[in-house]
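Biologist: Got a minute to go through this one with me? Let's put it on screen first.
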Amino acid sequence: MQRVGSCGPQFETEPNDKSHAWMEPRSLQKLCVDAICVHSKQICEKVICSADGELAEVDDFIGLQLPMHKVNLPPSISEELLSTLVKHRLLDDENFQIFNEQMHLETVDIMHAPVTLKGLQVLHRHTLSELRLRNIEARLDKIISNTVFNQRTEKSLRVLSLTSLNFTEQGDEKMRHSVHISAMADLAVAFTNLVSLSLVNIDLRDHGLKALCQNLSPTVTMLDISENPITDIAPVGLLAHSLQRLTICNICRLPNSNLKVLNIDLHELQHLDVSRFTDQQFDAILHGGSALLDMSLLLKPSVDTFKALTSLDISGWSLLNTGLIRRFLAAHRNVTFLGMALVEAADADVFQDASHPGYLHHLNLGSLVGEEKVLESCARYIHRPFFIQKCLLSLFQITKQCLRPRSDLIVLLVDIMTLHADHASVLMAATACLYNLTKNNLVLGLHAEYLKLMASAIIDCMQRFPCTEALQRNCLLTICSDKVLSEVTFDRYKCIELALECLCKFKDFTTTRMCLAVTSILAAKVPINAVSDLASNSKYMLRLIEITKEKAEILSTDGVIKFALSALWNLTDESPKACHCFSKLQGLELAVSCLTKYSRVAEEEERLQIQIKIVGLLNNIAEVPELRVNLITSSFLEVIRESLRSDNSEYAYFSGGILANLLCNLENPAWTHIDPSKVDHLQEEMISAISDWKQPESAMVAYRCFQVFCPLLAESAPSASQLWALWAINHVCRKDREKYVEMLHTGRVYQDVKRIAQSPGPCSLVRNLATSLHEFVAEVSLHDPPSS
């Protein structure tokens, strides 16, 4: 059994509220896509391949016969399925095979996936217009030189983006040089209608760039060669008549002779990104006083330079002065965007204060000052870990001041966490922002779907960095919210497991308290078999017992021992495996001793909160027949007997549950050590106490099923045990008739209730309560028949 907890306050938000708390219901298409992703492994296992290699059939998927060879999915659905698999880190070579010829793909975006050349062969079946591959296991030269793409894709591909892919590591430098040239030439020749080409962090060298530009189609208008060890971009000048957008982020060790290529030769250039994230002061020392690329010369105002430029990104060049930038902008009035993140000049009033006489109202500025500018920077640098971390540090200060729910920022942060799941520094900053956006009452105005997105991202984060204490603490701070834990559906089992792992690794008070809170709340919401697996893990159980023992030794009544006892209570609920593990580790002796120890606490409310949790836990133990022998002692029975008459209804109720379970097992040898007259007297006292109990205003307890009452309602069970069981069932049925009346019909318990009501054998109190319950259930069922 589990104690019923109270939820925090709730309120509804109108659809047009600016807090974005309201959210459209998820479409049937999205629900189906999610279901297929969850079962993707099963689908792959059941795929039957015909002689010609086509997918033949998947049998009985989610209760349906799904003939895959008859299904033709449009690109929108197929691409959503692929992106969902990627998002949830489910895509690999095996389930990539789902995408046969009938599941049409045109746009493919794969990142952080264990996909090799074998898996990418699937793309040969499709005609692609856009392809983005980031941080996958396939080698770039193999992708280009093998049969990944068909002839249709070679003509139709418009966008190609390859990020953080490696060339072959085999052979000497001369061979690598040859491979680079060959691969870049093959790439340029193969795709004849490319418009956008991005080759970021692929170890592209000067000779590779030259081979690329010499053969690249004149249709290319956008080129990104960022984060490569390039020292000469002169070959880019070969694209002068077509290139409109050039990104060379973190390629700053260029000779000044390259300036002419950038600001004059590329006369069609509209966007130039020369941002950087290396340390400028370090470069100055390393290169004898100045970086190789002189930005003051690049930005020297002249009517002959950057004639078509509308967008310039100089983020990271921190030492550029305000005057130089203002003069450049004055000479190039068509520039409408300027990236200035980590540029000291961005703080100047002329760029921040709209009332300044020199303020350029037409200029869209990306910097780290002000929400609008920070969000602009987030959008621009979302794929760059260094910059996005700096943006998030600024966003953290902004979110500290939030007074209304901001679901837009939560979506942005989750996207960032997904893109940078392997960068702990980015995740640290993102989770800190999420905490700001969900603390206090802000979380109450957020739709559950946004909170589900957040919770899933946090669980993924905790899984990836289990030993990073500060990051784990950030995650726990964010997810440890009554609304998130009680109302939002996510992978609760994994969350409990991660919290328990964290509990065992880190011993500071705050982390311990949060781990216990997460475990105690979620354990009541996870299927019993799953909870049993966790609770029967001796490492986790021992740690919970250790914490309880440490706190009990000083009679602490703080949140740690309360959450620890609640966790033990919920983890042992209807779980004999967990109860045995608890008993084996001397937890039972500890719980019994705590019950006596805490009777000395003077503050009644604090004392009762602890005692109720202990008797609730012991009630779970008493339900396991093999463990009752440890509770059938004169001293313990005396303590529980006194509890029956407590003014606190919960304390009395759970104490009565312990006695009811012990008394229904009078054949236990342990009872031979108890005076029979005391046993009879105990039963009489129990019946008398229960007959005086009043129904509380709200439910005290929650049950997953009524199976635990079967032994208590057996014909051989004492009247005291039967009376307590009937009172318990009557209590929850009357407090939540919709849930429990239907539950009562799905087992043999209701048959026992009717039998007792019609039998002359039981005492009148038992028979009357059974009759009352039977009549109540019959009346409810008459007006609201149970579901079939």
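Biologist: What should the 14 residues of helix H21 span, and how far apart are its end C-alpha atoms?
Modeller: This is a predicted model, to be clear. Helix H21 covers residues 492-505, and at 1.5 Å a residue it should span 20 Å. Its end C-alpha atoms are 20 Å apart, so the two values agree.

Biologist: Which residues of H21 are buried?
Modeller: Arg492, Cys495, Ile496, Leu498, Ala499, Leu500, Cys502 and Leu503. In an α-helix, residues three or four places apart point the same way, because there are 3.6 residues a turn.

Biologist: What covers the buried residues of H21?
Modeller: Helices, among them H18 (448-464), H19 (469-479) and H20 (482-487). The cover also includes H22 (509-522), H23 (528-535) and H24 (538-553).

Biologist: Switching to strands. What order do they take in the open sheet of 10 strands?
Modeller: The order is S5-S6-S7-S8-S9-S10-S11-S12-S13-S14, and the pairing is parallel. Strands S5 (107-111) and S14 (364-366) are the edges, each pairing on one side only. From one strand to the next, the twist averages 5°.

Biologist: How many bridges join S13 and S14?
Modeller: Three, in the parallel sense; S13 is residues 337-339. One bridge partner pair is Leu338 with Leu365, the latter in S14.

Biologist: Which strands does helix H14 lie across?
Modeller: H14, residues 371-380, lies across S11 (271-273), S12 (311-313), S13 and S14. Helix H14 runs at about 70° to S14.

Biologist: Cysteines next. How many disulfides does the count come to?
Modeller: Zero, with a cut-off of 2.5 Å between cysteine sulfur atoms.

Biologist: Why no bond for Cys402?
Modeller: The closest cysteine sulfur is in Cys433, and it is 9.4 Å from the sulfur of Cys402, so that is too far for a bond.

Biologist: Is Cys402 buried or exposed?
Modeller: Cys402 counts as buried, because its relative accessibility is 15% and the cut-off for buried is under 20%. Cys594 is buried too, with a relative accessible area of 2%.

Biologist: Now the whole chain. How many helices and strands?
Modeller: There are 35 helices and 15 strands. The chain has 788 residues, and 51% of them count as buried.

Biologist: What about the accessible surface of the chain?
Modeller: About 34,400 Å², with 51% of that belonging to carbon and sulfur atoms.

Biologist: And what share of contacts comes from residues 24 or more positions apart?
Modeller: Such residues account for 72% of the contacts in the chain with a separation of 6 or more.

Technical notes:
Residues are numbered from 1 along each chain as its sequence is written. This is a predicted model: local features need pLDDT of at least 70, side-chain atom pairs count only at pLDDT 80 or more; totals for chains, interfaces and linings use all residues. Side-chain values use heavy atoms; hydrogens and water are left out. Helices (H or I, at least four residues) and strands (E, at least two) are DSSP runs, numbered from the N terminus. Buried means under 20% relative accessible area, exposed over 50%, partly exposed in between (1.4 Å probe, protein chains only). Contact means heavy atoms within 4.5 Å. Accessible areas come from the Shrake-Rupley method with a 1.4 Å probe; for residues, only the protein chains shown count as cover. The expected span of a helix is 1.5 Å times one less than its number of residues. Two strands pair if DSSP finds at least two bridges between them. Axes are lines fitted to C-alpha atoms, for helices over the stretch in contact, and angles run from 0 to 180 degrees between N-to-C directions.
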